[in-house]
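Visitor: Please show me the model, and explain the terms as we proceed.
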Amino acid sequence: MKVKFNIPHITGNEIEYIQKVISSGHISGNGKFTKKIENFFKINFGLKSTFVTTSCTDALEMTGLLSNINSESEIIIPSYTFVSSANAFALRGAKIIFADSEKYTPNIDANKISELITKKTKAILVMHYGGVACDMDKIMKIASKNNLIVIEDAAQAINSFYKGVPLGSIGNFGTFSFHQTKNIVCGEGGLLSVNDRSFKKRAEIIYEKGTNRSQFMRGEVEKYGWVDVGSSFLASEIISAFLYAQLEKIEIIQKSRMTIWNRYKKNLIGLLKINKNILPKIPDYATNNGHVFYITCNNLRERKKLIKFLNNNGVQASFHYSALHDSEFFKDRYYGEKLTESIKWSECLLRLPIYSDLELEKVDYVCSLILNFYNV
């Protein structure tokens, strides 16, 4: 049996909506489907000011500009995250201060943040790994005490919540990804949520290449021109049309993914006899959106052996991030403490195939192989 790691789900309306865009003659950004997406996030997740971007990386880069990050700034970021979380601010010349992960989740350890704050610290970025929330009460309290901006990298966290509050809506900014590996996809694509209204006007300008075009389109100014820095962040209507077709079916997609996630957990529960930390842990304050199902191996050697065993039996499995502080690009300039948990997740976390169209018989097959590998 062959089991692919990921296959993007297609709802069936993508082509129809794209054709509508082509027929309309408006294929650039900020058209009808862009507005539909903005309205969807407002109604379903309470996000009042959103910007559809060409990627989550673009959304993160917008937060760097909006936060006035520069060469005099420091920003605290988890080491165990995707490189875009750091690149968006490294491009602004900021000094990246890496924080360790929690012991029982790959998320940033909120208890380690305060000791990293200096007079130059401008912002804290948190990444909700696998759609499972970081400890946002602690993080927001720290940020408030030190007058810091909070950026939620919610790339994996659509339809996930912290104590009932949608992820991406808690910090000053939230960013989402619609890459083909995510729950809701459009190939490449992202979204920025500006949750602090004091940033909204400037966000419109940065979004539109540093111009006040949005004000012009609303009739607020007679002409538009260059008024600030910015770039071409907005997504085309073709991307938005594809994305909206996905968002319409979010309940079906999410139900399927959670069925698969729960099947993995049920089938693999016996592994806890040999390793009590091998299965994912969901904190009481967090929900789970079925984005990732992973197991935590005992060490790197074990993970390599398991990946090879699964691949030899037709199953595509993969590790995830490598700790950024230990990366080829950064390791020679890192002088902080040993980030032992980040290294652990880098060496031990193994992702299993999960996508909304994955048949349960294939899930059972993957689980049977893993149980066989561990002699359970």
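Visitor: Why is Ser67 counted as buried or exposed?

Guide: Ser67 counts as buried because its relative accessibility is 2%, and buried means under 20% relative accessible area, exposed over 50%, partly exposed in between (1.4 Å probe, protein chains only). This is a predicted model, in which local features need pLDDT of at least 70 and side-chain atom pairs count only at pLDDT 80 or more, whereas totals for chains, interfaces and linings use all residues. Residues are numbered from 1 along each chain as its sequence is written, and side-chain values use heavy atoms, with hydrogens and water left out.

Visitor: Which residues is Ser67 in contact with, leaving aside its neighbours within four places in sequence?

Guide: They are Lys122, Ile149, Ile151 and Phe173; contact means heavy atoms within 4.5 Å. In addition, a polar atom of the Ser67 side chain lies 2.8 Å from the backbone oxygen of Thr63.

Visitor: What makes a space a cavity, and how many cavities of 30 Å³ or more are there?

Guide: On a 1 Å grid over the protein atoms alone, a cavity is a set of points where a 1.4 Å probe fits but cannot get out; lining residues have an atom within 4 Å of a point. The count comes to three cavities of 30 Å³ or more. The largest cavity holds about 90 Å³ of space. Its lining comprises 13 residues, of which Tyr129, Gly130, Val132, Ile282 and Tyr294 are the closest to its centre.

Visitor: How much space lies in the second largest cavity, and which residues line it?

Guide: The second largest cavity has about 50 Å³ of space, and its lining includes Asn6, His9, Lys182, Arg257 and Tyr355.

Note on methods:
A polar contact is a pair of N or O atoms within 3.5 Å; within protein, one must be able to donate a hydrogen and the other to accept it, and residues adjacent in sequence count only if both atoms are side-chain atoms. On a 1 Å grid over the protein atoms alone, a cavity is a set of points where a 1.4 Å probe fits but cannot get out, and a pocket is an open set with protein on both sides within 12 Å along at least five of seven lines; lining residues have an atom within 4 Å of a point. Grid points are joined across faces, edges and corners, and a volume is the space filled by probe spheres set on the points.
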